[in-house]
Amino acid sequence: MSAPSMTLFHNALSPFVRKVMVLLHETGQTDRVALQDCVLTPVNPDPALNEDNPLGKIPALRLADGNVIHDSRVILDYLDHQHVGNPLIPRDGSARWRRLTLASLADGIMDASVIVRYEVALRPPEKHWDEWLDGQRNKIRRALALLEKDAIAELTSHFDVAAISVACALGYLDLRHPDLAWRETNPQLAAWYFEVSQRPSMLATMPKV
């Protein structure tokens, strides 16, 4: 077995990192990537990460030539071009834009979820901005309602970039925001997630606190 040719700046609790890890498992590329753990927050950056990624965000992927690419969407697109199987991001046409739009919706759920997490976990309770928190939670609820109403058949059809992104977003809600009780108002989404959460790639990347 050859040594990994790429390095992923990684935190298993990040839903954005999990997307990348799920794709690596689904495409058989896990052996190509070494993991470099990062524990960081907006007020506690990682100096090694900042050297090549000034935004200090994870995931970031150092390629074999030393270049670093970042943002999970960019990394997913790059890795999807590095395997020989069917692409998980459609290469062109209306399918590409639709699947990427669903994936972007899932990323928005993750963004809002992480914002709420930081506000609640890092700021003292007397400084919490309740209207801000409610606004972020309502973004999540609206996005989930749209997926429930319009996207179940599409998510069921392929476990691709859209399905991976939505599954990782739902997993993060379970991890950090069980109080949202998202299954109660989205039963079809809950049934779909129950099925896909048993995939080997999802089980292998399940975050553990």
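Student: Which residues line the second largest pocket?

Tutor: R18, G171, D174, L175, Y193, S197, Q198, M202, M206 and P207 line the second largest pocket. Lining residues have an atom within 4 Å of a grid point. This is a predicted model, with residues numbered from 1 along each chain as its sequence is written. Local features need pLDDT of at least 70, side-chain atom pairs count only at pLDDT 80 or more, totals for chains, interfaces and linings use all residues, and side-chain values use heavy atoms, with hydrogens and water left out.

Student: What makes a set of points a pocket?

Tutor: A pocket is an open set on a 1 Å grid over the protein atoms alone, with protein on both sides within 12 Å along at least five of seven lines. The second largest pocket holds about 150 Å³ of space, where volume is the space filled by probe spheres set on points joined across faces, edges and corners.

Student: Which helix gives the most to the lining of the second largest pocket?

Tutor: Helix α7 (residues 161-176), with three residues. Helices here are DSSP runs of H or I, at least four residues, numbered from the N terminus.

Student: Why is the largest cavity called a cavity?

Tutor: A cavity is a set of points where a 1.4 Å probe fits but cannot get out. The largest cavity has a volume of about 40 Å³, and the structure holds one cavity of 30 Å³ or more. Its lining is A12, L13, S14, P15, R18, C168, G171, Y172, L175 and P207. Helix α7 gives the largest share, four residues.

Student: Where does the largest cavity lie, and why?

Tutor: Domain 1 (6-81) and domain 2 (93-199) both give residues to its lining, so the largest cavity lies between them. The bounds come from an automatic or database domain assignment.

Student: How many residues does each domain bring to the contact?

Tutor: The domain centres, taken over C-alpha atoms, are 21 Å apart. The contact (heavy atoms within 4.5 Å) takes 14 residues from domain 1 and 19 from domain 2. Together the domains bury about 1,300 Å², 68% of it on carbon and sulfur atoms. Buried area is the accessible area (1.4 Å probe) that two parts lose on being put together, summed over both.

Student: Why is the pair R73 and D107 called a salt bridge?

Tutor: The rule asks for a side-chain nitrogen of Lys or Arg within 4 Å of a carboxyl oxygen of Asp or Glu. The closest N and O atoms of R73 and D107 are 3.6 Å apart, so the pair passes. Across the interface of domain 1 and domain 2 the rule finds four salt bridges.

Notes:
Helices (H or I, at least four residues) and strands (E, at least two) are DSSP runs, numbered from the N terminus.
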